[in-house]
Amino acid sequence: MVKAIENQGIAAVHVCTIVPISVTVRANRIVPSVAIPYPTGNPELTKEEELDVRKNLLLKTLEALSTRIDEQTIF
């Protein structure tokens, strides 16, 4: 899906749990996420810690989206 979006000239970020798959499908901007069952968080954390994990992931994703790249990049 990320490649289809980028083929239309729209920058996209692939937030993923298994980076080698993203590399194989040639996603341009790759942000590793937390874990397969909970890609954007960890239910074992406190509410405050969970918020920090999600906030940091979002900030990293926004950084990836706003970074000009010339080749496949893992952030």
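**Entry 1: Glu50 and Arg54**

I looked up the contact between Glu50 and Arg54 in this predicted model and found a salt bridge, with the closest N and O atoms 2.7 Å apart. I then located both residues: they lie in helix H3, four residues apart, which is about one turn of the helix.

I next asked whether Glu50 is buried or exposed. Glu50 has a relative accessible area of 13%, and because the cut-off for buried is under 20%, I recorded Glu50 as buried. For Arg54 I noted a relative accessible area of 46%; this value falls between the limits of 20% and 50%, so Arg54 is entered as partly exposed.

**Entry 2: Glu6 and Arg29**

How many salt bridges does the structure hold? I found two. Besides the pair in helix H3, Glu6 forms a salt bridge with Arg29, and here the closest N and O atoms are 3.6 Å apart. This pair links distant parts of the chain, since Glu6 belongs to helix H1 (residues 2–6) and Arg29 to strand E2, 23 residues apart. I recorded both Glu6 and Arg29 as buried.

As a general remark, I noted that side chains of opposite charge can pair when their charged atoms come close.

**Entry 3: nonpolar surface**

I turned to the surface and asked which residues make the nonpolar patch. I listed Ile18, Ile21, Val25 and Ile36, which form a patch of about 370 Å². I followed up Ile36, which is found in the loop between strand E2 (29–32) and helix H3 (47–66). Ile36 has a relative accessible area of 59%; the cut-off for exposed is over 50%, and therefore I entered Ile36 as exposed.

Conventions. Residues are numbered from 1 along each chain as its sequence is written. This is a predicted model: local features need pLDDT of at least 70, side-chain atom pairs count only at pLDDT 80 or more; totals for chains, interfaces and linings use all residues. Side-chain values use heavy atoms; hydrogens and water are left out. Patches are made of residues with over 30% relative accessible area and no salt bridge: like charges are joined within 9 Å, nonpolar side chains (Val, Leu, Ile, Met, Phe, Trp, Tyr) within 5 Å. Accessible areas come from the Shrake-Rupley method with a 1.4 Å probe; for residues, only the protein chains shown count as cover. A salt bridge is a side-chain nitrogen of Lys or Arg within 4 Å of a carboxyl oxygen of Asp or Glu. Helices (H or I, at least four residues) and strands (E, at least two) are DSSP runs, numbered from the N terminus. Buried means under 20% relative accessible area, exposed over 50%, partly exposed in between (1.4 Å probe, protein chains only).
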